[in-house]
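Please open the model in your viewer and keep the selection panel at hand. The tour goes from whole chains to a pair of helices and then to a contact between chains.

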Amino acid sequence: MDLLFYVYAAFYQFADAFSFLILSGIGLAVIFGMMGVINLAHGEFIMCGAYVTVLSARAGLPLPLAMVCGTLSSGLVGLVLERLIIRRLYQRLFDSIVATWAISIIATQGMLIVAGPSLEGIKTPFGSFELGGISFSVYRAILPAVALLLLGALYWLFVRTRFGIHSRAAMQDAGMAKALGVSTDAIYSKTFGLGAALAGLTGALYAPTMTAVPTMGSAFIVQSFVTVVVSGADVMLGLAPSAAALALIQALLTGFHGQLIGQIGLLVTVILVVRIMPTGISGFFLRGSGTK
Amino acid sequence: MLATFAIAMAIPAAQAADPIKLGMLEDASGNFAIAVIPKIHAVELAVDEINAKGGILGRPIKIIAYDTQSDNTRFQEFARRVIQQDKADVVFGAFSSASREAIRPIMDRYHQLYFYNNQYEGGVCDSNNFVTGAVPEQQFSTLIPWMMEKYGKRVYTIAADYNFGQISAEWVRNIVKEKGGTMVGEEFIPLSVSQFSQTIQNIQKAKPDFVVTLLVGANQASYYEQQASANLKLPMASSVNVGQAYEHRRFKAPALKDMYVTANYVEEVNSPESNDFKKRFHAKFPNEPYINQEAANSYDAVYLYKAAVEKARTTDQKKVAEALRSGSICTNGPSGKVCIDPKSQHLSHTIYLVHVNADHSVDIPKVWNDIKPYWLGTVGCDLSKKPDHNQYTPSHLPKK
Amino acid sequence: MFSCLSGPQTLGKGPLFWVLFFAAVIAAASVPLFASSFAVQNFSFFLVWTFMAMGLSLMWGYAGILSFGQTAFFGLAGYAYGVISINVGDAHGLTWVAFLASLTLPVILASVLGYLIFYGGIREVFVGIVTLSVTLVFETFMAQTAGPEWTIGDARLNGFNGMSGMPALTINLHSADFIFDGSPFYWLLLALVVSAYLGLRVLVNSRFGNVLVAIRENPERAEMLGYNIRFYQLIVFTVGGFFAGLSGTFYTLWGSYITPSSMGLNAAALPIIWVAAGGRTDITAVLVSTIALTWVSQQLAIYGSQYALILMGIVLLLVVLFAPNGFVVSVWRSLSKRSFDREAADAVREFTSAAK
């Protein structure tokens, strides 16, 4: 029985790290992985989702509804930004670095001015449970399931729905997609908005577990970029294996050697994985099949 | 007629006194803004009060403030500017130890009088640097024995993995050992970490009686909510929380339940000086979310400077520094009377033990009066006799 | 005139440009004669970053390699100077030895890292991720070296609080020591910036530069034409690392201080912003934009109060939206619209004749 508890504890830590990586990266996977926009403001979409969630929950909405508000508001902001700014940068994606960096500093400082240096937070729902003398947070135990569900839903969206197929077509070859009658402008808008909404959902999901400060996006940004890039060209396929591999190493190292080694280990693993698989995980596994 | 005219011209010249320049390098934006904005306001309040009563030696104080954006490089840029361009008579500034260390060499280079008004890991023995913040011997020598007596001798420390956290953890370790306790665990966490599931699990496995939390920054502050949601149920001891970034107001109850903090001032102190200070503070800044210990320190620092300038009868920085070192410079501030210790140039403090309840209200079970910053003196730092420009730690002592 | 200094890869040619350039250098050199010592030191601060930016321009603008981790070399050189100079002292001209030695470390790291990257087949965005990871590993590691055990000789690394106390560059004469501080430091820095700038101009306008651009435009085609593209990428990456290290050493000398946050995410993004905003494909543009942007952001921080960062963001947004090739390049091109067509024709002629 003791061994079972020990195994569960280890699995819990792995799943916790895994869900953090997946949820950090999922919005960026759409915006950067699929659209190629290097979104340095990704952390601020997360922050937006978290802030709206906290404010809605404190205004009296039940938590799930508050999270929906957070997600939608972030998506809305994404739509607006896409129309005003990002749209002009599709031909020159490197410039999205400067543009999104600028958006990021405007958003962080703006939020500081408008809402102050921090917001009174909300509680983590669901309480705790005990196994083998160790108590765990229920909420954090189910987050990995939420992450996987989200991934599954996203995969279904991009592979099985019309929107998804049009979106992937527009990303792969805009000219051909347009010739086939796909309205690429609308697709780009919606896809970017979707990516922003997913980032907002990440913020909403983590809001009850973290302090709400304007710079909270910085807690996610490095993890999001490394997870998405390591997943390779086909983000939908590669995100889960990428997050799993990185989370496994990070959880093991943190468990045996502490947080410092865990953090450094994560970064070193990224370097090694990219060295071994220079086109990312999905690139490595797909290269034989002739898919781009 | 001509005489009248001459007199009329002369009088305004006598009234227009040359202002005393107080340079302020503080993070009004960025990661540290939460704890720093009250500091800035406290200085403004003190300067307003002093100017309303005629200034110092008849001269008004003028604040020259720079927003250093929680960025060490900005500190370096603006330190030079405030010294060489603005020619400040005194400089207040820095929140994190890293920013202080970025500018201390510049302060020393130009023999600039400098006040550091923050709690920190202790050890700065610098002739130009006066510190009003609390130091480990004031915060830990009071807190840790009290916690050990109340809760038990098994102690687990989690600390931010940098100078402040490591040195503070060293102090804790030494005191625990001295009092016959056991360190059942010690974890150092990089500043960028915001997810603590593994740490929480480790703590539970080690079964301590209480946890010493020396966590710094918004990322690490997420620990409190996470440990509450995992139902850790252990009392916590800290020198950094509540009194600085008022987490008990910002986090949802009961995340900080049974947190004990030693601070040299918190807004909840219910003494005549504190209440009067709060009244004046809120009159000027009605929307201040919290008046923290750094605000009290900064407020006191302005008055200490005033006392020293009046004693020295000049703003010449060398003479003012000597006056500050004379041993008789004190002020009656929000936490009562505080005096500058001549050997270390730090402040003696009243230390309040702040206890956070389940609903995040606060009570103060114990008060220690007049705890002197004795450590630097005992290891050989004596700025009243010998100039110095170093920072020492328990494992890096002055050369004998 | 000085034909090796001009070419299709750089903006600015002909007598007018060089006269203006010469005038600008003279003006810059005469700043200490009439400005306050603070202004001189402040201007030195702006110059310090130009090496890193020009190196990044070479790597990214000319060779198409986006490295997100130049700050790793910056920090390594800075710490190296600190450690070496604190240990050897400032007598016998040893600070210069420390200076040169501090630059060898980023060169070594850059060549090793470059080998791992380019000969390992890592390309495009993955280079950015790997280099970002490297600089963050350095930052995380260095931030915790606060304890007394983290000492190299006499130099304490001092973790997050940063290392200070390193001596300034000194020439030891029999009678007294000549310390490179204030104005002499500024002149030394200016001389090196101008040399680096001219040197890079020669480099990119040479055959080497043409190959770099070819690699940037179409790596497979360049490879098929027989160029060993990995070797070129490695060289360029090493040169970029060297320049980043030069900035790092000068920053450490300027402030007598180096800290791990110089290698963090925000610090790593800054050179990319300067280079991208100015026009990464041109050395002159990057030199100008780095100085301009560091100056503007400082002025905003002084006068803009809490709106400083917002205004900075708006400036950058306007630049990226309305000056697609970078603001310096765009301004330049619009100023010389008429001669642009002539330049294009010249470039084609030069290239076709070089290919023969």
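Two residues are in contact if their C-beta atoms, placed from the backbone, lie within 7 Å. This is a predicted model, in which local features need pLDDT of at least 70 and side-chain atom pairs count only at pLDDT 80 or more, while totals for chains, interfaces and linings use all residues. Residues are numbered from 1 along each chain as its sequence is written, and chains are lettered from A, with ligands numbered from 1, in the order in which they are written.

Select chain A to begin. Among its contacts between residues at least 6 apart in sequence, 74% join residues at least 24 apart. Colour the chain by secondary structure, and twelve helices and two strands appear, where helices (H or I, at least four residues) and strands (E, at least two) are DSSP runs numbered from the N terminus. Along the sequence their order is α-α-α-α-β-β-α-α-α-α-α-α-α-α. The C-alpha trace spans about 65 × 50 × 30 Å along its principal axes, and 58% of the 292 residues count as buried, that is, with 20 or more other C-beta atoms, placed from the backbone, within 10 Å of their own.

Next, select residues 42-58 and 218-231 of chain A, which are helix 2 and helix 9; their axes come within 8 Å and cross at roughly 130°. The axes are lines fitted to C-alpha atoms over the stretch in contact, and angles run from 0 to 180 degrees between N-to-C directions. That angle makes helix 2 of chain A oblique to helix 9 of chain A, because angles under 35 degrees count as roughly parallel, over 145 as roughly antiparallel, 65 to 115 as roughly perpendicular and the rest as oblique. Show side chains for A:His42, A:Gly43 and A:Ile46 of helix 2, and for A:Ser218, A:Phe220, A:Ile221 and A:Ser224 of helix 9, since these residues make the contact. They divide into three nonpolar, four polar and no charged; Ala, Val, Leu, Ile, Met, Phe, Trp, Tyr, Cys and Pro count as nonpolar, Asp, Glu, Lys and Arg as charged, and the others, Gly among them, as polar.

Now add chain C, whose contact with chain A takes 31 residues from chain A and 33 residues from chain C. On the chain A side, helix 4 (95-115), helix 9 and helix 11 (259-276) each supply at least two residues, and helix 4 gives the most, with twelve. By class, this side has 24 nonpolar, three polar and four charged residues.

Finally, select chain C alone, which has 16 helices and six strands.

How values were computed: A residue is buried if 20 or more other C-beta atoms lie within 10 Å of its own, exposed if 12 or fewer, and partly exposed in between; C-beta atoms are placed from the backbone.
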